[in-house]
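This report walks through one protein model, beginning with a single charged residue and moving outward to the sheet, the cores and a helix. Please look over the sequence and the structure before reading on.

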Amino acid sequence: MSTSCSTLRMITPQSQTPECKIWVDADACPKVIKEILYRVADRVPVMVILVANQPLQVPRSPYIHTVQVPSGYDVADHHIVEKSTPGDLVITADIPLAAEVIGQGCMALNPRGELYDKENIRQRLNMRDFFDSLRSSGIHTGGPSSISQSDRTAFANQLDRLLSRLIHNK
């Protein structure tokens, strides 16, 4: 699969500013996933921007920023779509948001480590819509399970693979 991850750029000695950004749909992002991202922000370094409709406590770092948006349906999503640029990485479990940012040239990774792309996002949207229609007809479909240790590992491994490619493609 050819991803745009090689377009995600890190800090270079000449620039001293991260060119690429990791955008986080932070309202629903599990704390353990945010903690992985905090460590990555300073290690790589890469700019991590958490967008939420409530205040967030984050470690002090020049590479970690928060944006508080007003409460409302999809306000954080709209902010991420508006501000992200091709080559950025978006962390979200929100399938419609993932589809939108992929369409504008970003990458999307869910907190369980699944990288969404142009090939699989349509199927995910169809499944989401199917379950949505089941729920609206009164059928209880249940929600996602809690993030497991294997999910955390899958996320960290996928993020490391993406960042390794970036470093080698500078």
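Where is Asp-88 found? Asp-88 sits in the loop between helix 2 (75-83) and strand 4 (89-91), and, like everything described here, this placement comes from a predicted model.

**The surroundings of Asp-88**

Asp-88 is buried and yet has no salt bridge, the nearest side chain of opposite charge being that of Lys-21, 5.5 Å away. Because a salt bridge requires the charged atoms to lie within 4 Å, the 5.5 Å separating Asp-88 from the Lys-21 side chain does not qualify. The side chain of Asp-88 does, however, reach the backbone nitrogen of Lys-21, and it also makes a polar contact with the side chain of Trp-23. The table sets these two distances beside that of another aspartate, Asp-94, which is taken up again below.

| Side chain | Partner | Distance |
|---|---|---|
| Asp-88 | backbone nitrogen of Lys-21 | 3.2 Å |
| Asp-88 | side chain of Trp-23 | 3.0 Å |
| Asp-94 | backbone nitrogen of Leu-97 | 2.9 Å |

**The sheet**

Strand 4, which follows the loop of Asp-88, belongs to an open sheet of six strands in the order 3-2-1-4-5-6, with mixed pairing. At the edges are strand 3 (64-68) and strand 6 (115-116), each of which pairs on one side only. In general, the strands of a sheet pair through backbone hydrogen bonds, and they may do so in a parallel or an antiparallel manner. Strand 4 and strand 5 run parallel and are joined by three bridges, and Val-90 has Ala-108 of strand 5 as its bridge partner.

**The nonpolar cores**

The largest nonpolar core holds 27 residues, of which Ile-22, Val-24, Leu-37, Ile-91 and Leu-159 touch the most other members. Among the elements that give two or more residues to this core are strand 1 (21-25), strand 2 (47-52), strand 4 and helix 5 (149-168), while helix 1 gives the most, with six residues. Leaving aside residues up to four places away in sequence, Val-24 touches several others, including Leu-37, Val-48, Leu-50, Ile-80 and Ile-91. Apart from the largest core lies another, of 19 residues, among them Met-47, Val-69, Ala-76 and Cys-106.

**Helix 3**

Helix 3 spans residues 95-103, and its buried residues are Ile-95, Leu-97, Ala-98, Ala-99, Val-101 and Ile-102. Asp-94 caps the N-terminal end of helix 3 through a side-chain oxygen, and after the helix comes Gly-105, whose phi is positive, near 95 degrees.

Terms used: Residues numbered from 1 in each chain as written. Predicted model: local features only at pLDDT ≥ 70, side-chain atom pairs only at ≥ 80, totals over all residues. Heavy atoms only, no water. Helix = DSSP H or I, 4+ residues; strand = E, 2+ residues; numbered from the N terminus. Buried < 20%, exposed > 50% of the residue type's maximum accessible area, 1.4 Å probe, protein only. Lys, Arg positive; Asp, Glu negative; His and termini not counted. Polar contact = N/O pair within 3.5 Å; in protein donor to acceptor, adjacent residues only side chain to side chain. Core = buried A, V, L, I, M, F, W, Y, C linked by side-chain atoms within 4.5 Å. Contact = heavy atoms within 4.5 Å. Pairing = 2+ DSSP bridges.
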